[in-house]
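Good morning, everyone, and thank you for making the time. Before I say anything, please take a moment with the sequence and the structure, which I am putting up now.

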Amino acid sequence: MVEAAVPEFTGRVRERFGAYRHHVLATLRKDGGPRLTGLEADFRYGELWLGMMVGSRKVLDLRGDPRFSLHANPGPGTDLSGGDVRVSGRAVEVTDPGLMARYAAVAKPPEPFHLFRAELTEVLHTSVEAPYVVLESWVPGRPLRTIRRTSAGATLRMG
């Protein structure tokens, strides 16, 4: 869906996730508290897939509340080469044996495994174009939004 809507933007997002294998997944625990765990994200068939070990806490979290955020590994250093990327959405568990087999044949995950398809609700790419921090945000049904800001133009609101 995001690829069809904003293909150039999606290319930058995929490239950022592809730069490193492991990323950080945020899920919600049963008590509503956040849980951060490592995850390998996989872009296939025009969608984002999340594969997980059987019985992992993140599987239980997503079954209880499918909302998630996934932050791309920023890599070494502080220059944010390639930008900083975060996606959010809902994880839909895949139980169809045919789709599971199709995925496993290409991705070769350790088996058995759980598979979730991501229904994205937001994609955010942050980069630096001196003197600006550039925020590009995509939400389904809306055009790509770009904001350029500097510290001088920022307003801190408290309370």
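I will go through one helix, then a pocket, and then two residues of a strand.

Please keep in mind throughout that what you see is a predicted model.

Let me begin with helix α4, which runs over residues 97-107 and in which M100, Y103 and A104 are buried. These buried residues lie on the same side of α4, because the arc they cover around the axis is only 100 degrees. If you look for what covers them, you will find strands β3 (41-44), β4 (47-53), β6 (84-94) and β7 (113-129) included. At the N-terminal end of α4, D96 acts as the cap, with a side-chain oxygen placed 3.1 Å from the backbone nitrogen of G98. Just after the helix comes K108, whose phi is positive, at about 55 degrees.

That brings me to the pocket. The largest pocket in the model has a volume of about 560 Å³, and among the 26 residues that line this pocket, R21, E40, A41, G51 and Y103 are the closest to its centre. You will recognise Y103 from a moment ago, as one of the buried residues of α4. Which elements each supply at least two residues of this lining? They are α2 (7-18), β2 (34-39), β3, β4 and α4, and the largest share, 4 residues, comes from β3. By type, the lining of the largest pocket consists of 13 nonpolar, 6 polar and 7 charged residues.

Finally, I would like to turn to strand β7, where H114 is found. Is H114 buried or exposed? Its relative accessible area is 13%, and so, with the cut-off for buried set at under 20%, H114 counts as buried. The side chain of H114 makes a polar contact of 3.4 Å with the side chain of R63, and another, of 3.2 Å, with the side chain of E93. Setting aside neighbours within four places in sequence, the residues in contact with H114 include L50, G51, M52 and V59.

R117 also lies in β7, and its side chain is joined to that of E119 by a polar contact of 3.3 Å. Again leaving aside neighbours within four places in sequence, R117 is in contact with E47, L48, W49, R90, A91, V92 and V94. From R117 to H23 there are 94 residues in sequence, while the distance in space, C-alpha to C-alpha, is 16 Å.

Conventions:
Residues numbered from 1 in each chain as written. Predicted model: local features only at pLDDT ≥ 70, side-chain atom pairs only at ≥ 80, totals over all residues. Heavy atoms only, no water. Buried < 20%, exposed > 50% of the residue type's maximum accessible area, 1.4 Å probe, protein only. Arc of directions from axis to C-beta. Contact = heavy atoms within 4.5 Å. Polar contact = N/O pair within 3.5 Å; in protein donor to acceptor, adjacent residues only side chain to side chain. 1 Å grid on protein atoms, 1.4 Å probe; cavity = no way out; pocket = protein on both sides within 12 Å on 5 of 7 lines; lining within 4 Å. Points joined across faces, edges and corners; volume = space filled by probe spheres on them. Nonpolar A, V, L, I, M, F, W, Y, C, P; charged D, E, K, R; others polar.
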